[in-house]
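User: I would like to go through this structure and ask, term by term, what justifies each label. Please set the values against the cut-offs as you answer.

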Amino acid sequence: MSLRERSRRTEIVDRVIDWFSANQRDFPWREPECSPWGILVSEVMSQQTQMSRVEPKWHEFMSLWPTPADMAAAPVAEVIRRWDRLGYPRRAVNLHRCATAIVENHGGEVPSDRDALLALPAIGAYTSAAVASFAFLRCEPVVDTNIRRVLARAIHGEAIAWDANPRRDDAEMSELLPEDPQRAKLWNAGAMELGAIVCPSKKPQCEVCPIAQLCEWRARNYPASTRKARGQAKFAGSDRQLRGRVMAILRRHPEGVLFDSLPDLVEPLAADSGTSVDISHAERTLLLAEDLIRDGLATRAAERIRLPH
DNA sequence: AACACGGGGTT
DNA sequence: AACCCAGTGTT
């Protein structure tokens with residue numbers, strides 16, 4: 001890499017840190033007194049979920065279960081029920097498993113090593129680095145969807161980020177990571193915040209961007225991407241929607257319901273559901289209920305199905 | 001590499 | 001109605 005390019009990248013990091021220090025949003029998990037557990041909970045809730053939806057749920061969880069031991073002592077059914085409609089309810093099960101593992105294997109304290117964090121359920125490449133950096137000031141490379149987009153644009157001049165690839169992403173972000181842990185944290189959080197606030201997927205606000213003058217995508221006059229974004233499956237009529245409806249039934253019935261009655265309790269979906277057209281609504285509902293049991297989101301005893309204890 | 005996995009906000 | 005969102009685990 002040329003000396004000039006090296007200098008450009010250093011300047012990008014410096015300006016993002018300055019911008020973030022002055023313009024970051026106030027979130028409770030960014031307060032200095034926030035515990036590592038609070039940060040871990042915020043990161044798990046934030047997976048594929050907008051901050052505006054996370055904040056109230058985070059307050060509720062921290063009030064109910066201020067430490068890992070508190071959550072580990074609660075029935076997983078209660079964590080699932082409180083998770084409510086935040087989405088991907090397996091995260092609730094996994095968060096409860098995290099709490100249990102932290103109590104049993106780490107003396108009730110969230111571990112600070114990235115590898116130890118990575119070993120916890122639902123903690124992957126992103127969350128392990130985020131908790132290590134934000135809660136413990138470790139110099140770990142954080143890469144989320146915002147950062148992949150910011151780097152694709154500012155560094156590489158591409159409109160759309162490459163597909164996530166933990167090894168390559170880690171290596172790329174590591175090259176930019178400041179050696180000072182406090183600055184590494186500010187760069188990690190700042191690049192993420194810049195992508196969320198100033199440089200979103202649609203309509204980037206280059207006029208207020210601190211690195212507009214250094215941005216390669218802007219220098220090339222915003223070429224459209226050559227790659228195509230991954231299409232998303234329809235939600236209406238999908239298995240995901242039906243699973244969600246079964247979970248809603250289970251949350252509403254603490255004592256559980258007759259397994260065979262599930263199809264009647266779940267609102268029948270639109271007839272044009274597209275997939276699985278050759279099996280009945282009742283069959284499909286019962287099959288998905290079995291999946292939920294396998295995923296730890298429900299248990300079945302005798303003829304009844306309910307949230308797990 | 002491609003999917004499945006929720007549900008709601010945004011355009 | 002399509003796209004997007006502080007991802008993870010499986011195939």
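Analyst: This is a predicted model, and every value below is computed from it. A suitable place to begin is the cavity lining, to which H9 and helix H12 (216-219) each supply at least two residues.

User: What makes the largest cavity a cavity, and how much volume does it have?

Analyst: The word is used for a set of points where a 1.4 Å probe fits but cannot get out. A search of the whole structure finds one such space of 30 Å³ or more, and the volume of the largest cavity is about 120 Å³. Its lining consists of 16 residues, and those nearest its centre are Cys199, Cys206, Cys209, Cys215 and Trp217. H9 gives the most to this lining, with three residues.

User: How do the residues of that lining divide into nonpolar, polar and charged?

Analyst: The lining of the largest cavity holds 13 nonpolar residues, one polar residue and two charged ones. Cys and Trp both count as nonpolar, so the five residues named as nearest the centre, Cys199, Cys206, Cys209, Cys215 and Trp217, belong to the nonpolar group.

User: Why is H9 described as largely enclosed by the rest of the structure?

Analyst: The description rests on a count, because ten of the eleven residues of H9 are buried. Those buried residues are Asn146, Ile147, Arg148, Arg149, Val150, Leu151, Ala152, Arg153, Ala154 and Ile155, and they pack against H1, H10, helix H11 (181-197) and H12.

User: How do you know that Asn146 and Ile155 count as buried?

Analyst: Buried means under 20% relative accessible area. Asn146, in helix H9 (residues 145-155), has a relative accessibility of 14% and therefore counts as buried. Ile155, which is also placed in helix H9, has 6% and therefore counts as buried as well. Leaving aside neighbours up to four places away in sequence, Asn146 touches Met192, Gly195 and Ala196, while Ile155, with its neighbours within four places likewise set aside, is in contact with residues including Arg8, Arg9, Ile12, Glu172 and Glu216.

User: Why is Glu267 called exposed, and why is Thr285 called buried?

Analyst: The two residues fall on opposite sides of the scale, since exposed means over 50% relative accessible area and buried means under 20%. Glu267, in the loop between helix H14 (262-265) and helix H15 (281-294), has 57% relative accessibility and so counts as exposed. Thr285, which lies in helix H15, has a relative accessible area of 0% and so counts as buried.

User: What do Glu267 and Thr285 touch, apart from residues up to four places away in sequence?

Analyst: Glu267 touches Arg245 and His281, and the C-alpha atoms of Glu267 and Arg245 are separated by 7.7 Å although these residues are 22 apart along the chain. Thr285 touches Leu242, Val246, Leu262, Pro263 and Val266.

User: Which residues line the second largest pocket, and which helix gives the largest share of its lining?

Analyst: The second largest pocket, with about 150 Å³ of space, is lined by Arg6, Arg9, Thr10, Val13, Asp14, Glu175, Leu176, Leu177, Pro178 and Arg183. H1 provides the largest share, five residues, and helix H1 (3-23) and helix H10 (166-176) each supply at least two. By type, the lining divides into four nonpolar residues, one polar residue and five charged residues.

User: Why are E1 and E2 said to stand at the edges of the sheet?

Analyst: The open sheet has three strands in the order E1-E3-E2, with antiparallel pairing. Strand E1 (257-258) and strand E2 (299-301) each have a single partner strand, so one side of each is left without a neighbour in the sheet.

User: What makes E2 and E3 a pair?

Analyst: Two strands pair if at least two bridges are found between them. Three bridges join E2 to strand E3 (residues 304-306), so the condition is met, and the two strands run antiparallel. Arg300 stands opposite Ile305 in E3.

User: Where does UniProt place the HhH-GPD domain, and what is the helix content there?

Analyst: The UniProt record, an unreviewed entry, places the feature "domain: HhH-GPD" at residues 45-197. Over residues 45-197 the chain is 67% helix and 0% strand, with the end C-alpha atoms 19 Å apart.

Methods: Residues numbered from 1 in each chain as written. Chains lettered and ligands numbered in written order. Predicted model: local features only at pLDDT ≥ 70, side-chain atom pairs only at ≥ 80, totals over all residues. Heavy atoms only, no water. Helix = DSSP H or I, 4+ residues; strand = E, 2+ residues; numbered from the N terminus. Buried < 20%, exposed > 50% of the residue type's maximum accessible area, 1.4 Å probe, protein only. Contact = heavy atoms within 4.5 Å. 1 Å grid on protein atoms, 1.4 Å probe; cavity = no way out; pocket = protein on both sides within 12 Å on 5 of 7 lines; lining within 4 Å. Points joined across faces, edges and corners; volume = space filled by probe spheres on them. UniProt positions renumbered as here; feature names shortened; annotations may be inferred.
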